[in-house]
Amino acid sequence: MNEIDSKILGLLRENSRISITEIAQKTRTSRATVQKRIEYMETTGIITGYTVMIKPNASPNKVQAWMSIMVEGNKATSVIKELRLNPAIQTLHTTNGKWDLLVEIQADSLINFDLILGQVRNIAGIYNTETSILLSTYKT
């Protein structure tokens, strides 16, 4: 990756629907160069997809939480595989220190949130968890 690639990625992060023409203007490169660089980043896996970002307060009844997970022995790979199958898991991070994994969970109600917590805690290889419900978000 070079400086142009970084600028292109920054513009796409801000607005994944930005036009090739606008990216070319903002990076002071040709449309062909921008198109080639984006195609290269897609084929090499640097860009893995495009998404829509939803305003944090758009769903006022949504329950969001961070769950810290401690995994038994060398079972992290199988635990991660199971967690990735759950649609309520929004992001999944490996960490160091006391907790092995940090998981962002979203649910449409407290009842469903409770069910999701139970599902996660019942995954073979999970030793301990600690969950914090998000109350406010100040910067996205």
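Strand E1 (residues 63-71) and strand E4 (residues 126-133) pair in the antiparallel sense, with 7 bridges between them. Strands here are DSSP runs of E with at least two residues, helices are runs of H or I with at least four, and both are numbered from the N terminus; two strands count as paired if DSSP finds at least two bridges between them. Within E4, Asn128 is the bridge partner of Met70.

This is a predicted model, in which local features need pLDDT of at least 70 and side-chain atom pairs count only at pLDDT 80 or more, while totals for chains, interfaces and linings use all residues. Residues are numbered from 1 along each chain as its sequence is written, and side-chain values use heavy atoms, leaving out hydrogens and water.

E1 also pairs with strand E3 (residues 101-107), again in the antiparallel sense and over 7 bridges. Here Leu101 of E3 is the bridge partner of Ile69. How many of the 9 residues of E1 are buried? The count is 8, so the strand is largely enclosed by the rest of the structure. Buried means under 20% relative accessible area, exposed means over 50%, and partly exposed lies in between (1.4 Å probe, protein chains only).

Now to the charged side chains. A salt bridge places a side-chain nitrogen of Lys or Arg within 4 Å of a carboxyl oxygen of Asp or Glu, and by this rule there are 4 of them. The table shows three pairs, including their N to O distances.

| Acidic residue | Basic residue | N to O distance |
|---|---|---|
| Glu3 | Lys7 | 3.5 Å |
| Asp5 | Arg37 | 2.7 Å |
| Glu22 | Lys26 | 3.4 Å |

The salt bridge of Asp5 with Arg37 runs from helix H1 to helix H3 (residues 31-43), so it ties together parts that are 32 residues apart in sequence. Asp5 is buried at 0% relative accessible area, whereas Arg37 is partly exposed at 21%.

Glu3 and Lys7 both sit in helix H1, 4 residues or about one turn apart. Glu3 is exposed at 58%, and Lys7 is partly exposed at 39%. In helix H2 (residues 20-27), Glu22 and Lys26 are likewise 4 residues apart, about one helical turn. Glu22 is partly exposed at 31%, while Lys26 is exposed at 52%.

Finally, have a look at Met1, in the segment before helix H1 (3-14). Met1 is exposed, with a relative accessible area of 57%, and joins Tyr40 and Ile46 in a nonpolar surface patch of about 300 Å². Patches take residues with over 30% relative accessible area and no salt bridge, joining like charges within 9 Å and nonpolar side chains (Val, Leu, Ile, Met, Phe, Trp, Tyr) within 5 Å; accessible areas come from the Shrake-Rupley method with a 1.4 Å probe, and for residues only the protein chains shown count as cover.
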